[in-house]
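Trainee: Got a minute? I'd like to go through this one with you.
Mentor: Sure, pull it up and ask away.

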Amino acid sequence: MPKKAEQGADTAGLLAYLFGPGDRDEHTDPHIVAAWDPALPCPARTPDRMTLSGLALLLDAPVDALRGPRPVEHVWHVSVRNAPTDRTLTDAEWATVAAEMVAVAGIAPHGDEHGCRWVAVRHAPDHIHIVATLARQDGRHPRIRGDIVRMHTAARGFETAWGLSPMSPLDETARRAPATGEKEKAARRGLSEPARETLQRTVRQAAALATDDTDFLNRLRDAGLRVREHHDENGAVDGYTVALPGDRADHGSRPVWFSGRTLAYDLSLPRIRERYEPALTPADITRAHPHLRSCGPAGACRTHRGCG
């Protein structure tokens, strides 16, 4: 399934992340599987021929050469992932996927020698990242409106041709499954499950028993989790992150933090509050806003803000 990330302005920074260890040390064997130039050296496999900074300069060159206005956010970034139950695709198969995705997206149409420059990076068995810069090599801007829809259509074709699991609509109540890299990291550490799954279960148990924010956060700490609160400009708690003791990244230099929403859509603080903050009834609203008794049917009042 293709997933488009937010556009950015830092080609070198994105490449450093994709070829690095990842936020949770989940990246393994990062390497290029395809690019606008089939002979492009890989910074990870042949560092004597290509560096990350050199690759960033090559990708950015058409943008830097623009004579007219250049895009404020010129970095186009998409990840393409197959289902955990699918077989592991080869580098050659992912290269085919990448070339088709940039073609249908309008980044580099098939047979167009002047398309945008792009690379496809693989650092896990189940997905690739495609990075492109939004300036064609003939100095024109690419036409990418509707790119994600066209990429989804192309993905359906690969699923049918290769017998892969079909894409399904996003379930916003479902927990977020650990990525392949997280599972491999747990196996390396000798753990029975990835940290994400342990945190999901612990947070869900605390949320089910909590009576307010303080009780919820205390239950997380009592369960042995590391907890950080996020406060708004008035000092009120408006979010939280948790970490499992011993789960660290960047060669052990920092804990791996997960926000509630990162764990599961229903574990964000606003959604958890719905469990212990009763919803307002019509009587509650009337008591809080007495004028509503006489304002008539919905939408009829033009005097009191928020009526109707």
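Trainee: OK, how many helices and strands does the protein have?
Mentor: There are 10 helices and 10 strands. Keep in mind that this is a predicted model.

Trainee: And how much of the protein is buried?
Mentor: Of the 308 residues, 44% are buried.

Trainee: What about the surface, how much area does the protein expose?
Mentor: About 16800 Å², with carbon and sulfur atoms supplying 53% of that.

Trainee: Switching to contacts: what share comes from residues 24 or more positions apart?
Mentor: If you take the contacts with a separation of 6 or more, 60% are between residues at least 24 positions apart.

Trainee: Now the charges. How many salt bridges are there?
Mentor: The structure holds 18 of them.

Trainee: Let's pick some. Which residue does Asp138 form a salt bridge with?
Mentor: Arg140. Their closest N and O atoms are 3.0 Å apart.

Trainee: Are those two buried or exposed?
Mentor: In between. Asp138 is partly exposed at 33% relative accessible area, and Arg140 is partly exposed too, at 49%. Arg140 stays in that class because exposed starts over 50%.

Trainee: Which residues are linked with Asp138 and Arg140 in a network?
Mentor: Asp112 and Arg136. Salt bridges link the four residues together.

Trainee: Next one: what do the side chains of Glu159 and Arg156 do?
Mentor: They meet in a salt bridge, with 4.0 Å from N to O.

Trainee: Where do Glu159 and Arg156 sit?
Mentor: In helix H4, which covers residues 147-162. They are 3 residues apart there, so about one helical turn separates them.

Trainee: And is Glu159 buried or exposed?
Mentor: Glu159 is buried, with a relative accessible area of 10%. Its partner Arg156 counts as partly exposed, at 40%.

Trainee: One more pair. What is the closest N to O distance between Arg275 and Asp266?
Mentor: 3.8 Å, and the two form a salt bridge.

Trainee: How accessible is each partner, Arg275 and Asp266?
Mentor: Arg275 is partly exposed, with 41% relative accessible area. Asp266 comes out at 14%, so it counts as buried, the limit being under 20%.

Trainee: Let me say it back: Glu159 is the buried acid facing a partly exposed Arg156, and Asp266 is the buried one opposite a partly exposed Arg275.
Mentor: That's it. For Asp138 and Arg140, on the other hand, both partners are partly exposed.

Key. Residues numbered from 1 in each chain as written. Predicted model: local features only at pLDDT ≥ 70, side-chain atom pairs only at ≥ 80, totals over all residues. Heavy atoms only, no water. Buried < 20%, exposed > 50% of the residue type's maximum accessible area, 1.4 Å probe, protein only. Helix = DSSP H or I, 4+ residues; strand = E, 2+ residues; numbered from the N terminus. Contact = heavy atoms within 4.5 Å. Areas by Shrake-Rupley, 256 points an atom, 1.4 Å probe, with all protein chains shown as cover.
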